[in-house]
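Me: Please take a close look at the metal site of this model, and then set it in the context of the cavity, the pocket and the salt bridges.

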Amino acid sequence: MKELLKNLIRAKSTLDTGEIKCANVLADFFRSAGIKPNVEVWNKTRANITVRIKSTGKKPALLFVSHLDVVPAQQAGAFEPIERGGKIFGRGACDMKGGITSVAVAMAEILHSKVKLQGDVIFTATAGEETDSAGVKKFLKSQKTWPKFAGIIVPEPTNFDLVYAHRGLLWLQIITKGKSAHSSMPQLGINAIDSMKMFLNKLENFKIPGVNKLLGKASISVNKIIGGSAANIVPDLCSVQIDIRTIPGQKTSWIVGEINKILARLSKQNPRFQADLKVLRDSGSLQTDEKCEFVKRSKQILNKHLTAVPFTTDAPYLTVFKSPIVIFGPGKPQLCHKPGEYIDIKDLKKAVELYKKIILHFLG
Ligand SMILES: [Zn+2]
C-alpha cells in the first residue's frame, strides 16, 4: 500500500507533465492484482484509467471517481515521497493519491478474498480535475451504456467526513478597453483603468440571491487585476479575474447575464466605456438528496453525520448518472495544495477498511 502511494507521488502529474505516468503506475498495480486496466491516452501525455470488477450483476453497481492530477509544487523534492513519523509526505499525498491508493487496495483485497459481488465496482482516476476537468468529461463519453449505480463515491480528502454538498465555481475575466495617450494630455485617450473602476464600483452592489443552510451565500472575490504599462501612459487595457462561488440552485448563466447587463448599462451611460466578459471556468455545485437510501445507509455503516465543504470537485459532472453522490476520503482538506502536504499511514489503512465495508455492504 505504502509503495503504491509513493510510486504515485513520484509519477508527477501536474498539468505540464500530464497524467500518463501516474496512470501507468496504477495500471501496473491493478494488473498485478488481477484486474484489467483500461488506460485512455490523448494529447500524448494526458490520461484516464478505469477498471471494473465484474459481478453477478444482480444489484446496481458502485462507482468511484478520483483524479490523477495534482497542483504544481514550488519546493524542491515535492515529488520525492518521504516517510516520517507515521506519515507520507509529498505532492498529492493528501489530494488525492492517498484516496486513490486506498480504493485501489480495497478493490484488490476484495478480489483476492473471492467474495461473490452482486454488483460491479467501477473505479476511475481521471485527468485535469484541478484545471480543465478534461478527464472526467472523457470518462463520461468512454462508454455508450452504463450500469445503474446504487451510488457514486468521490474519495477526495474529507478527513472521513461524509460530504454531500459543496459550492460551485464560476471564474470570469472582464477586460476593459481604452485608448493610449501621453498622460500629460489624458483627454486624448480613454483610460481603461478608469473604466474598470466604474465596473468594479457597480459589481460591489451586485448580490446573488439565495441562502443554503449548510453553505451560506454565494461569494464574489476579485482576485487578479492587470492594467497599464508606465506612469506616463494612459492605459488602453485593464483586466480582472473574478472568482464567484455559487450555492446549489443558482444558475451560472443567470449570473453571467446579470454581469453582462451591468457592462451594457455602463456603455450606454458612457460611450467611451468598452468591455468584454469571458467565462474562464464554470463548474457546478453539488447537493445530493440527504434522504435517499444510499446516503442514509452510508451514514449508518460509516457512523457519520452529513456535512458540506467549501471546495469544489468533479462530482457535479457525475450528476448525469442521476445517482446519489458522496465525497468521502482520508486526508485533511486543509493540507491540500500546500507545501508539506502529507497523509497519515493509519488513515490510509482505515480508508481501505471503510471502502471495503461500503463495497461489501451495497454489493455483498
Ligand atoms: Zn482533489
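Reply: Asp-95 is buried, with a relative accessible area of 7%, where buried means under 20% relative accessible area, exposed over 50%, and partly exposed in between (1.4 Å probe, protein chains only). Glu-156 is likewise buried, at a relative accessible area of 4%. The model is a predicted one, in which local features need pLDDT of at least 70 and side-chain atom pairs count only at pLDDT 80 or more, while totals for chains, interfaces and linings use all residues. Residues are numbered from 1 along each chain as its sequence is written, and side-chain values use heavy atoms, with hydrogens and water left out.

Both residues belong to the zinc site: the protein donors are His-67 (NE2), Asp-95 (OD), Glu-156 (OE) and Glu-156 (OE), lying 1.9 to 2.7 Å from the zinc ion. Donors are N, O and S atoms within 2.8 Å of the metal (3.2 Å for Na, K and Ca); water is not among the atoms, so sites may look incomplete. The four donor atoms subtend angles of 53 to 144° around the zinc ion, and the arrangement is therefore irregular. Four donors would count as tetrahedral if all angles lay between 85 and 135 degrees; four count as square planar and six as octahedral if opposite donors are over 155 degrees apart and all others between 65 and 115, and anything else is irregular. In sequence, the donor residues follow the spacing H-x27-D-x60-E. Asp-95 in helix α3 (residues 93-113) and Glu-156 in the loop between β7 (149-154) and β8 (162-166) are 61 residues apart, and the pair links distant parts of the chain. Helices (H or I, at least four residues) and strands (E, at least two) are DSSP runs, numbered from the N terminus.

His-67 and Glu-156 also appear among the residues that line the largest cavity, together with others including Val-65, Ser-66, Met-96 and Asp-314. This cavity holds about 50 Å³ of space, and a search of the whole structure finds one cavity of 30 Å³ or more. On a 1 Å grid over the protein atoms alone, a cavity is a set of points where a 1.4 Å probe fits but cannot get out, and a pocket is an open set with protein on both sides within 12 Å along at least five of seven lines; lining residues have an atom within 4 Å of a point. Strand β3 (residues 61-67) gives the largest share of the cavity lining, three residues.

Glu-129 is another residue of that cavity lining, and Glu-129 is also one of the residues that lie nearest the centre of the largest pocket, which is lined by 25 residues. About 530 Å³ of space lies in this pocket. Strands β9 and β12 each supply at least two residues of the pocket lining.

A salt bridge connects these strands: Lys-177 pairs with Asp-276, the closest N and O atoms being 2.6 Å apart. Lys-177 lies in β9 (residues 168-177) and Asp-276 in β12 (residues 275-283), so the pair ties together parts that are 99 residues apart in sequence. Lys-177 is partly exposed at 29% relative accessible area, and Asp-276 is partly exposed at 39%. A salt bridge is a side-chain nitrogen of Lys or Arg within 4 Å of a carboxyl oxygen of Asp or Glu. The whole structure has 18 salt bridges. Among them, Arg-46 and Glu-19 meet at 2.9 Å, N to O, and both are buried.

How values were computed. Grid points are joined across faces, edges and corners, and a volume is the space filled by probe spheres set on the points.
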